[in-house]
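Dear colleague,

I am passing on the structure below, together with some notes on what turned up when I went through it. Please read the notes with the model open beside you.

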Amino acid sequence: MTAAPREPVVVDELVTETAHRLFNELCTHEAVQAAEDNGAAPEIWDAFCETGFDLIAIDEDAGGSGGTLADAAEVLRMVGYHAAPIPAAENGILGGWLLASAGLDRPDGLVTVIPPRAADGGWSGGGACSVDIAGDGSATVTGEALRVPWARSAEVIVCVCECGGQPVVVAVPAAHCEITPLPNMAGEPRDTVRLNGAAGRAAPAPDGVNADSLAQRGALSRVALMAGAIEKMCQLTVTYTNDRVQFGRPVARFQAVQQHLVWAAQDAALVRMAAECAAREAARGGADFEIAAAKLIANQAAARATKACHQAHGAMGMTQEYPLHHYSRRLWSWRKEYGSDAHWSAVLGNMATDAGADGLYPLITDGSAALQ
């Protein structure tokens, strides 16, 4: 019996054009540098929120802007492309999604999320909190979380906890937490959060919302960000090597430099394709295989592409005055979040083992559809 064809998932070009135009105007070299010094860029964030992009992929009846997860991933690609120093992933497709899924009220201010901690130590940061819930939904939360994105700027911090063997979504006002500001390699806030009996609100997580699904959406968000950053980094490198003249000709005409450009361009195309495929399947439903493969591809490509682009730039790529480091430092940071190479390699290996000899080829060709 032939399966019914799946509906296509298409991102409106207006989403890309609007985000690109917004960030192109606001995310200047000086603005990104200033955000690293200040730990925030409120003027960029306010303009971003005015477009409704901050809540894209959240249903309108839950206070969001509507749209699909693929739309949200495309916006995140533009965030990465412009090195926009804003918590777009945390506020929308992660923390905002958790609140909407559990039916918890959304605050007017910024929402961030505590990443789950991998049992195998497969990524940096995260935490596991314990919670006591009263009959009226009020909650008392205890625990510590490391490298929480943008916690110092948030109004509410959201996490997924276990209570009575079932996942629950917990929202805690940031004012009730002890927050120690820390940056990642790119200067983005990755703060330590301590919840010493912090008071918040809790609600049962619906089916499909748990620590694993949060980890997958987090991984997808990083893949989308990395796809944009690698693409822009490659474009900077092509422009620079065509403008830089050595021995009477542009350095882009030297074969050794051309090899770096080809490698970087291949990785940029590969990660963008993986990000779009994973986002499309996630918008349709299950995308366990696609997200795992995409994060592994993005992690490995980020290491190769940053090496190639810095090699082609030479010393110029290491200066504060030139923007290449805005992308390479973000890539080095994002590749460690929501899953290392070893973590996602193990996940994919387990999927292949579980599929067995007869199921391996369908897994590769059909992806997550073969797991259902």
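Strand β3 (residues 130–133) and strand β4 (residues 138–149) run antiparallel and are joined by four bridges, and within this pairing Val131 has Val141 of β4 as its bridge partner. Please keep in mind throughout that this is a predicted model. The two strands β3 and β4 form a hairpin that leaves four residues between them, and in the turn Gly137 takes a positive phi of about 90°.

Turning to the helices, two packed helices are described by the angle between their axes and the distance between the axes. For helix α1 (residues 13–26) and helix α4 (residues 69–81) that angle is about 25°, and the axes lie 9 Å apart. Since angles under 35 degrees count as roughly parallel, α1 and α4 are therefore roughly parallel to each other, and the crossing in which α1 passes α4 is right-handed. On the α1 side the contact is made by Val15, Thr16, Ala19, His20 and Phe23, while α4 contributes Asp71, Glu74, Val75, Arg77, Met78, Val79 and Tyr81. Sorted by class, the contact of α1 with α4 comprises seven nonpolar, two polar and three charged residues.

The second helix pair is helix α5 (residues 88–102) with α6, whose axes come within 10 Å and cross at roughly 165°. Because angles over 145 degrees count as roughly antiparallel, α5 and α6 are therefore roughly antiparallel to each other, and α5 passes α6 in a right-handed crossing. In this contact, Ala89, Glu90, Ile93, Leu94, Trp97 and Leu98 of α5 meet Ser213, Leu214, Arg217, Gly218, Ser221 and Arg222 of α6. The contact of α5 with α6 divides into six nonpolar, three polar and three charged residues.

Finally, a word on charged pairs: side chains of opposite charge can pair when their charged atoms come close. A search of the whole structure finds 17 salt bridges, and one that you may wish to look at joins the side chains of Arg77 and Glu231, with 2.7 Å from N to O. Arg77 lies in helix α4 and Glu231 in helix α6 (residues 211–243), so this pair ties together parts that are 154 residues apart in sequence. Arg77 is also among the α4 residues that make the contact with α1, which makes that residue a convenient place to begin when you open the model.

With best regards

Terms used:
Residues are numbered from 1 along each chain as its sequence is written. This is a predicted model: local features need pLDDT of at least 70, side-chain atom pairs count only at pLDDT 80 or more; totals for chains, interfaces and linings use all residues. Side-chain values use heavy atoms; hydrogens and water are left out. Axes are lines fitted to C-alpha atoms, for helices over the stretch in contact, and angles run from 0 to 180 degrees between N-to-C directions. Angles under 35 degrees count as roughly parallel, over 145 as roughly antiparallel, 65 to 115 as roughly perpendicular and the rest as oblique. A crossing is left-handed if the near helix is turned anticlockwise from the far one by less than a right angle, and right-handed if clockwise. Contact means heavy atoms within 4.5 Å. Ala, Val, Leu, Ile, Met, Phe, Trp, Tyr, Cys and Pro count as nonpolar, Asp, Glu, Lys and Arg as charged, and the others, Gly among them, as polar. Two strands pair if DSSP finds at least two bridges between them. A salt bridge is a side-chain nitrogen of Lys or Arg within 4 Å of a carboxyl oxygen of Asp or Glu.
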